[in-house]
Each structure stands twice: as C-alpha cells, then as structure tokens.
Amino acid sequence: MASVRNALPLLSLPQAHRRSQKMLKLISATPSPYARKVRIALIEKRIPFELLTEVPWDSTTQTPQYNPLEKLPVLVLDNGKSVYESHYILEFIEAKYTNVMQLLPRNDVDGALFAKQVEVVADGICDALVLLFFEKQKEDGKRSEEWMARQRRKVDGGLKALAAWIGDKKFFVNDTFGLADIAAGSVLGYLKVRFPEHSWRETYPHLARYSEDLEERQSFKDTVPRPQTISDKIV
Ligand SMILES: N[C@@H](CCC(=O)N[C@@H](CS(=O)(=O)O)C(=O)NCC(=O)O)C(=O)O
C-alpha cells in the first residue's frame, strides 16, 4: 500500500499543527472514479488526509480489513473506524465537517436532492463502465456481447441524462460547484481514461466543455485518474 500525504491542504497548516494533527486516511486506487469523488471533496474542503493507494483486486490488498464488502474508497478515521461507499463517505464528510465549504445547498432541499440524483446517475454510469471493462478483459468466446450491450445502454442513457441536465450551465445546481459536479466530473474523467474511444464528446459538446472546465480546478488536476497494473487474476 503506497502512502502519500495530500500536500495541498497541509501547506496552509502551521508547521506545529501538522505534526500534532492526526490524519484522516483514504484508501484509494489510481483509476477509481468513486475514490476520485472523495479525493476531490476533501481537497475542495481543505480537509487534510493521507492517501493510501491500493489495488483492490490483488490478493495482497488490505481493503477487506477496512470494508467487509472489500471495496475502496474507504475513509479511515482518527479513531480507526472506517467509512465506506463513496456516496456515504461524502455524506459523512458533509455532516461531520460543517465549518468548511459545503457540497450541498443548505437552504434548498430540492437542489440538494437533485444533486444526489445526479450522483446516482454518475455512479450508475461508473458501475456499468466497471462491469464493461472487466467483461472486455475476458478471453475470446467467454465475453457476453448481450451483457456488454446492456452496460453500454446504461452508460449512454446516463450520459444523455447528464447532458440534458447540464445544458449550457457551468454547474448543475444553483450555479455553484458542488456534489453533482464532483460526481459527474469524476465519471467523465474516468471515461476519458478507460474508454477514450467513446464518442460522448462529439455527441454532447456542452458536456465535453463542462468536463474540460472542471478539469481546470486544482482538485481535479491533483486527482487525474491513472490506469493501474492488476497483478492477480480477477476472481
Ligand atoms: N459503490 C461503490 C463502488 C466502489 C468500487 O467498485 N470500487 C472498486 C475499485 S474501482 O473500480 O473504483 O477502481 C473496488 O474496490 N472493487 C473491488 C471489488 O469489487 O471487490 C462506491 O461508490 O464506493
């Protein structure tokens, strides 16, 4: 498990505080669109954390020690407790750190619920992309074309919804960067890395421009997804 302290927020902390500050830990993987959501949120909120990079598919992973579902991201708290499932981690951070930038509008229930609906669709696209990615890894003759077609329909349907919702706006909710933009930006960044051949940018030019604008934010620049080498056979 590779470890790196997230330098951005620490640069703003007085030196003495850095040594005494017990650090949140985030178990992550370099390509993970789910983990990227949490990384972006922590950076945007300027909450210091230590990044622990894992390959959850390898037999050597420590992920199961922190999540009975054996999935990352996992946020490991100062008291050793772990918080898992990306949408819940974001809800946890939003609720527990109230004196920092908020991802959801405080006085707009419908706006907050819509942001969560965008996250549902973005995460659903990620789920379909992950299933598609691993189906494509199967040996010739063992891949199900019907199964892959079903996942592609979910991806395309989700992208159509995101494109319709964003239109030519800068952000999804109340013209303010927030949860919906983290979720949508993360899945669009994942598409670029894992499925560069997908034609979504030609099909939805506004969505492409929206994604390019988000990638200019420091929190996105610091968390660009990278493919990972999986040592063990996925079983
Ligand atoms: N719904 C989960 C999905 C997390 C997930 O699937 N993580 C993958 C890694 S990655 O696809 O995000 O890179 C994982 O740990 N997979 C291991 C496993 O499923 O056993 C979330 O939002 O946190």
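This section describes the annotated domains, the ligand site and two backbone features of a predicted model.

Two domain annotations are taken from an unreviewed UniProt entry. The record assigns "domain: GST N-terminal" to residues 22-101. In the model, this span is 34% helix and 20% strand, and its end C-alpha atoms are separated by 21 Å. The record further assigns "domain: GST C-terminal" to residues 107-231. Helix accounts for 68% of residues 107-231 and strand for 0%, with 48 Å between the end C-alpha atoms of the span.

The ligand occupies the largest pocket of the model. Its surroundings consist of S32, Y34, P56, W57, E70, K71, L72, P73, E85, S86 and V130. Classified by residue type, this shell comprises six nonpolar, two polar and three charged residues. Polar contacts to the ligand involve both side-chain and backbone atoms. On the side-chain part, a polar atom of S32 is placed 2.6 Å from a ligand oxygen atom, and a polar side-chain atom of S86 is likewise found 2.6 Å from an oxygen atom of the ligand. From the backbone, an N or O atom of L72 lies 2.8 Å from a nitrogen atom of the ligand. On its own, the ligand has 550 Å² of accessible area, of which the protein covers 86%.

The backbone at L72 also has a further feature. The peptide bond that links L72 to P73 adopts the cis form, with omega near 10°. Both L72 and P73 belong to the set of residues surrounding the ligand. P73 is located in the loop that connects α4 (63-66) with β4 (74-76). A second backbone feature concerns R46, a residue other than glycine whose phi is positive, at about 55°. R46 is part of the loop between α3 (33-44) and β3 (49-53). Both features are set apart by the general pattern, because most peptide bonds are trans and most residues other than glycine have a negative phi.

Terms used: Residues numbered from 1 in each chain as written. Predicted model: local features only at pLDDT ≥ 70, side-chain atom pairs only at ≥ 80, totals over all residues. Heavy atoms only, no water. UniProt positions renumbered as here; feature names shortened; annotations may be inferred. Helix = DSSP H or I, 4+ residues; strand = E, 2+ residues; numbered from the N terminus. Near = heavy atom within 4 Å. Polar contact = N/O pair within 3.5 Å; in protein donor to acceptor, adjacent residues only side chain to side chain. Areas by Shrake-Rupley, 256 points an atom, 1.4 Å probe, with all protein chains shown as cover. 1 Å grid on protein atoms, 1.4 Å probe; cavity = no way out; pocket = protein on both sides within 12 Å on 5 of 7 lines; lining within 4 Å. Sits in = over half its atoms within 2 Å of the grid points. Nonpolar A, V, L, I, M, F, W, Y, C, P; charged D, E, K, R; others polar.
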